[in-house]
Amino acid sequence: MADSAAGLVGTRNDVDTGLAGRVSQARQLIELAERTLNSAVVYEVERGSSWAQIAAYLGVSAEQARERHTPAVHAWNSAWTSAWTSAFEEPYRLDETGRKRMPQLPTAAYDPNWACTQLDR
């Protein structure tokens, strides 16, 4: 998001963006910020924060926060549940040729030691 915002600060002749192009880029930045906010709310709900606690940082009532962000929480839960349930039932799938096994779980599920080493780095 920081890189996107930095790109909006023009200091020279702007040959990369046509007329009104910066408006499009700014709108994309707002959409990215909204997705980031939804992700943060989902994270907070998942770790046990109440709607009142979340709402305090959003500057709205708990009911307003719940109404605005519950769809993102539900989307996260249903996407996670369906994706992981099927992946755990069948951790590999065949590619389009039908010859190569493709993992459906994150690398950490297949090689947790490697993943831990990468996280430590």
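Helices α2 and α3 each supply at least two residues of the lining of the largest pocket, where helices (H or I, at least four residues) and strands (E, at least two) are DSSP runs numbered from the N terminus. The model is a predicted one, with local features needing pLDDT of at least 70 and side-chain atom pairs counted only at pLDDT 80 or more, while totals for chains, interfaces and linings use all residues. Residues are numbered from 1 along each chain as its sequence is written, and side-chain values use heavy atoms, with hydrogens and water left out.

The volume of the largest pocket is about 160 Å³. A pocket is here an open set of points on a 1 Å grid over the protein atoms alone, where a 1.4 Å probe fits, with protein on both sides within 12 Å along at least five of seven lines; lining residues have an atom within 4 Å of a point. The volume itself is the space filled by probe spheres set on the points, which are joined across faces, edges and corners. The lining consists of L37, A40, V41, E44, S49, Q53, I54, Y57 and L58. By class, six of these residues are nonpolar, two polar and one charged.

Turning to the interior, the largest nonpolar core has eight residues: V41, V42, W51, I54, A55, A65, A72 and V73. Two or more of them come from each of α2 (21-46), α3 (51-58) and α4 (62-89). Such a core is a set of buried Ala, Val, Leu, Ile, Met, Phe, Trp, Tyr and Cys residues joined through side-chain atoms within 4.5 Å, with buried meaning under 20% relative accessible area (1.4 Å probe, protein chains only).

Within this region, W51 has contacts (heavy atoms within 4.5 Å) with V41, V45, A62, A65, R66, H69, T70 and V73, neighbours within four places in sequence being left aside. One of these partners, H69, sits in helix α4 and counts as buried because its relative accessibility is 1%. Beyond its neighbours within four places in sequence, H69 touches L37, N38, V41, W51 and L58.

Elsewhere in helix α2 lies L29, which is also buried, at 17% relative accessibility. Its C-alpha atom is separated by 6.8 Å from that of A5, although the two residues are 24 apart along the chain.

Taken as a whole, the protein chain has six helices and two strands, in the order α-α-α-α-β-β-α-α from the N terminus on. Of its 121 residues, 14% are buried. Among contacts between residues at least 6 apart in sequence, 26% join residues at least 24 apart.

Methods:
Buried means under 20% relative accessible area, exposed over 50%, partly exposed in between (1.4 Å probe, protein chains only). Ala, Val, Leu, Ile, Met, Phe, Trp, Tyr, Cys and Pro count as nonpolar, Asp, Glu, Lys and Arg as charged, and the others, Gly among them, as polar.
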